Amino acid sequence: MRIDAHQHFWQLAARNGAWPPPELAPIHRDFHPADLTALLAENGVAATVLVQSMPDEADTRYMLDLADRHSFIGAVVGWTDLKAADAPARIAALAAHPKLRGLRPMLQDLDDDRWIDDPALAPAADAMLRHGLRFDALVLPRHLPALLAFACRHPDLPIVIDHAAKPAMDGAPHAQWRDDMNKLAALPQVECKLSGMVTEIGSEWTVEHLRPYAHHVLQAFGPERVMWGSDWPVLTLAAGYAAWLDASEALLAHLNEAQRAAVFGLNARRFYRID
């Protein structure tokens with residue numbers, strides 16, 4: 001069962017000028033389930049994880065409504081203000097929907113790089129645990145030390161790092177990124193998505209350019225804690241769906257069949273509790 005652990009839908013009219021901007025012309029339009037279903041069928045993908053792209057509960061409710069109407073959406077990762085005084089109640093209300101499986105603060109867009117390293121998040125983290133939710137970490141390399149502190153403070157909360165933390169892919173992997181990822185990988189509740197890599201490079205990407213980054217993620221976390229995702233439609237800024245899937249298969253070719261099955265679907269199924 002192949003699962004895409006990271007994809008998006010959006011409606012520009014509901015975004016009030018939020019990202020994506022007009023200059024990103026290929027993705028500056030609406031993206032609906034009908035735009036993705038054929039790609040999933042063509043590439044043997046049975047289910048997806050639909051991930052938020054706006055810090056707005058209305059966007060989360062929109063995604064949950066889509067999940068009610070489209071069975072291929074196996075899980076939804078939404079948003080709420082995790083530092084709000086009523087965060088536990090907000091989390092409980094969203095978690096009442098059976099396909100809400102995670103929450104994601106948009107850490108990469110916040111002014112405070114250490115926003116996540118704050119004891120004030122404890123009530124929200126405890127509520128997430130009570131409702132069986134996962135924490136998606138949308139971070140850049142500079143956020144990894146604060147994410148480590150958060151993960152150590154909440155050792156029972158399942159966490160997944162989106163897009164391998166978007167390292168600067170300008171040659172060999174930077175030592176600081178490797179070291180910070182190793183420290184997070186040492187915590188058994190932390191996992192990582194093999195996603196979003198080609199858009200960090202652009203349309204000139206090659207498999208060999210990606211290989212040292214994918215290798216380090218697999219070496220640090222092990223195939224049992226890495227999950228494949230497309231980051232569609234953001235992916236289309238640099239590659240087609242099939243091209244990224246083919247590249248991923250090349251990056252995982254050294255693994256055995258069971259390990260590849262884990263990365264391409266079983267890990268996401270377990271982590272997000274997809275039926």
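Biologist: Where is aspartate 231 found?
Modeller: In this predicted model, aspartate 231 is in the loop between β8 (226-228) and α9 (241-251).

Biologist: Is aspartate 231 buried or exposed, and which side chain of opposite charge is nearest?
Modeller: Aspartate 231 is buried, and it has no salt bridge. The nearest side chain of opposite charge is lysine 166, 6.2 Å away.

Biologist: What is aspartate 231 in contact with, leaving aside neighbours within four places in sequence?
Modeller: Three histidines are on the list: His6, His8 and His163. Gly196 and Thr199 are the other contacts.

Biologist: Staying in that loop, what kind of peptide bond joins tryptophan 232 and proline 233?
Modeller: A cis bond, with omega about 0 degrees. Proline 233 lies in the loop between β8 and α9.

Biologist: And what about tryptophan 19 and proline 20?
Modeller: Their peptide bond is cis, with omega about 10 degrees. Proline 20 sits in the loop between β1 (2-7) and α1 (33-42).

Biologist: Now the other loop aspartate. Where is aspartate 162 found?
Modeller: Aspartate 162 is in the loop between β6 and α6. It counts as buried because its relative accessibility is 0%, and the cut-off for buried is under 20%.

Biologist: What does aspartate 162 touch, leaving out neighbours within four places in sequence?
Modeller: His6, Arg104, Asp136, Ala137, Leu138 and Lys193 are its contacts.

Biologist: How far is aspartate 162 from glutamate 191?
Modeller: They are 29 residues apart in sequence. In space, the C-alpha to C-alpha distance is 9.0 Å.

Biologist: Backbone next. What is phi at alanine 164?
Modeller: Phi is positive, about 55 degrees, although alanine 164 is not a glycine. The residue is in the loop between β6 (159-161) and α6 (175-185). At 3% relative accessibility, alanine 164 counts as buried.

Biologist: And phi of arginine 273?
Modeller: Near 55 degrees, again positive in a residue other than glycine. Arginine 273 is in the segment after α10 (257-271). With a relative accessible area of 37%, arginine 273 is partly exposed.

Biologist: On to α8. How far apart are its end C-alpha atoms?
Modeller: They are 20 Å apart. Helix α8 has 15 residues, 207-221, so at 1.5 Å a residue it should span 21 Å, and the two values agree.

Biologist: Where is the kink in α8 centred?
Modeller: On tyrosine 213, and the kink is about 25 degrees. Tyr213 is among the buried residues of α8, along with Leu210, Ala214, His216, Val217, Leu218, Ala220 and Phe221.

Biologist: What follows α8?
Modeller: Glycine 222, with a positive phi near 80 degrees.

Biologist: Which residues touch the most other members of the largest nonpolar core?
Modeller: Phe9, Phe135, Leu147, Ile159, Ile161, Met181 and Phe221, in a core of 80 residues. The largest share of this core comes from α8, with seven residues.

Biologist: Take methionine 181. Which residues is it in contact with, beyond four places in sequence?
Modeller: From α8, methionine 181 is in contact with His216, Val217 and Phe221. Its other contacts are Leu144, Ile161, Ala164, Ala165 and Cys192.

Biologist: How many residues are in the second, separate core?
Modeller: There are 13, including Ala5, Ala47, Ala75 and Ile274.

Definitions and conventions:
Residues numbered from 1 in each chain as written. Predicted model: local features only at pLDDT ≥ 70, side-chain atom pairs only at ≥ 80, totals over all residues. Heavy atoms only, no water. Helix = DSSP H or I, 4+ residues; strand = E, 2+ residues; numbered from the N terminus. Buried < 20%, exposed > 50% of the residue type's maximum accessible area, 1.4 Å probe, protein only. Lys, Arg positive; Asp, Glu negative; His and termini not counted. Salt bridge = Lys/Arg side-chain N within 4 Å of Asp/Glu carboxyl O. Contact = heavy atoms within 4.5 Å. Expected span 1.5 Å × (residues − 1). Bend = angle between axes of the 7 residues up to and from the residue. Core = buried A, V, L, I, M, F, W, Y, C linked by side-chain atoms within 4.5 Å.
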